[in-house]
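Colleague: Could we walk through some strands together? I am new to this and would love to see how they pair up.

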Amino acid sequence: MIDFGFYLTPSSTIDLDKVDRKAVDDLARADSGIRTCIACGSCTASCTAGVFADTSVRQAILSVLNGRNEKARELLSSCMLCGKCMMVCPRGINTRHLILSIQKYFDGQ
Amino acid sequence: MAKNIIIIGGGPAGMEASARLDALGYTVFLVEKEKALGGHLARWDRLFPEGKPAGPVLDSLVGNLGNTKVLLESDVLSLNRLGDSFRISLSSGVSVIADAVLLTTGFDLFEASKKEEYGYGIYDHVVTNADVEEFFRTGGDPRIDNPQRIGLVHCVGSRDEKAGCRNCSKVCCATAVKQACELKAKFPAATVYCFYMDLRMFGRGYEDLYLKAQKEYGIRFIRGRVSEVSERIDKTLQIKAEDTLSSTPLRVTLDLLVLMAGMRPSREGTKVAKMIHLATGDDGFLSSLDGFGGMQATSIPGLFVAGAATGPKTLPDTIAEARAAASLIHEYLQKS
């Protein structure tokens, strides 16, 4: 390939047209928490792993909704399943079940 | 002799107050500029939070009017004080002298075409909240043609200084979530997005509606204001917004965009207030005596206000204010 001396950065824009709706629907069937999150951030604030590595249930949910499944996996990779987020979630989401559901779903792909 | 009361505005507030004052034995003149009573309620299909049909609510308000003298298609030509009483002249040629006046002039919907960047009246598939109600009520709107990707934009003409509307219109969040569910029920295969800045689900049952929208209807809530809309050659709409929860710009293609037009001071209310020298606030809505104990009173003895004339209100708020105004007017007329 000819080196023109410059390159194009891919767009960082979220393109909802390209989101895999099936993944969201499948995951919502496994755990409705993927839909009922209100993005309050309690989970992220109480996360024991979050102090050391980028870990956030809120952001992971949002990443799945925005079609960034790889990012969702990364955000949950340091989770130790301690369950503190489950205790603070005001929507009563079973976050541990949701985290495992997300990991299992994308591991299977 | 029974005392006369003029009520200007035949929406829910005017009808409720008329019914109460009529039941107390007063002679009530209910003035309405349109051909029929009901105001915005008459053009609405279902009401939040439970989605109760608007028709029976309207019928019951009309049914309770009793001996109220309803004056339809009547523009107010003049309203002035004559000592302790008021004199009103109407376009129909009728003049009435009354002992008290209640202004229930309500609100106008924000003209969505003013937000040109959203393309209402320009693009083929952009409608308002009122259009959606009309669609459900009458069953037809060529702009709503089996859409599979639907977006609802909150705060159109609300919380927008540039559009001259700083106020929150209070009812649009719940209306948007209600309409999102209704559209999803009507078009089950559709993906439905709500673009919001804050979700103000303050009333009883509103949070339940929100949870239901997420869980049962799978509505996707995106925190971010739609910044621009453009129409593609195939008439689909390209939407740009920021997903502020991930601080990332976002785009999506839609087949239908619904603009949640907010509440503006009604032109009629502003006109009548000027005639009687009643002050309006910086926001343009009518000024009551104060926002707490004097909500239904004004600086003018014998002149009262109720409903959305003094700022955005829900239907239950409006009906409660109308009852409060009736009780206050009764008290005032007993003393005078």
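Colleague: How many bridges pair strand E6 of chain B with E7(B), and in which sense do the two strands pair?

Modeller: Happy to help, and keep in mind that this is a predicted model. In general, strands of a sheet pair through backbone hydrogen bonds, either parallel or antiparallel. Strand E6 covers residues 76–82 of chain B, and one of its residues, Leu82(B), has Ser85(B) in E7(B) as its bridge partner. The count and sense for E6(B) and E7(B) are six bridges, antiparallel.

Colleague: Which residue takes a positive phi near 95° in the hairpin of E7(B) and E8(B)?

Modeller: E7(B) pairs with strand E8, residues 95–98 of chain B, over four bridges in the antiparallel sense. Within that pairing, Phe86(B) stands opposite Ala98(B). The hairpin has four residues between the strands, and the one with the positive phi near 95° is Gly93(B).

Colleague: Along strand E7 of chain B, which side chains point to one face and are buried?

Modeller: In a regular strand the side chains alternate between the two faces of the sheet. Here Ser85(B), Arg87(B) and Ser89(B) point to one face and are not buried. On the other face, the buried ones are Phe86(B), Ile88(B) and Leu90(B).

Colleague: Which strands are the edge strands of the open sheet in chain B?

Modeller: Five strands form this sheet, with parallel pairing, in the order E11-E18-E12-E13-E14. An edge strand here pairs on one side only, so look at the two ends of that order. The edge strands are E11 (126–128) and E14 (220–223) of chain B.

Technical notes:
Residues are numbered from 1 along each chain as its sequence is written. Chains are lettered from A and ligands numbered from 1 in the order in which they are written. This is a predicted model: local features need pLDDT of at least 70, side-chain atom pairs count only at pLDDT 80 or more; totals for chains, interfaces and linings use all residues. A residue is buried if 20 or more other C-beta atoms lie within 10 Å of its own, exposed if 12 or fewer, and partly exposed in between; C-beta atoms are placed from the backbone.
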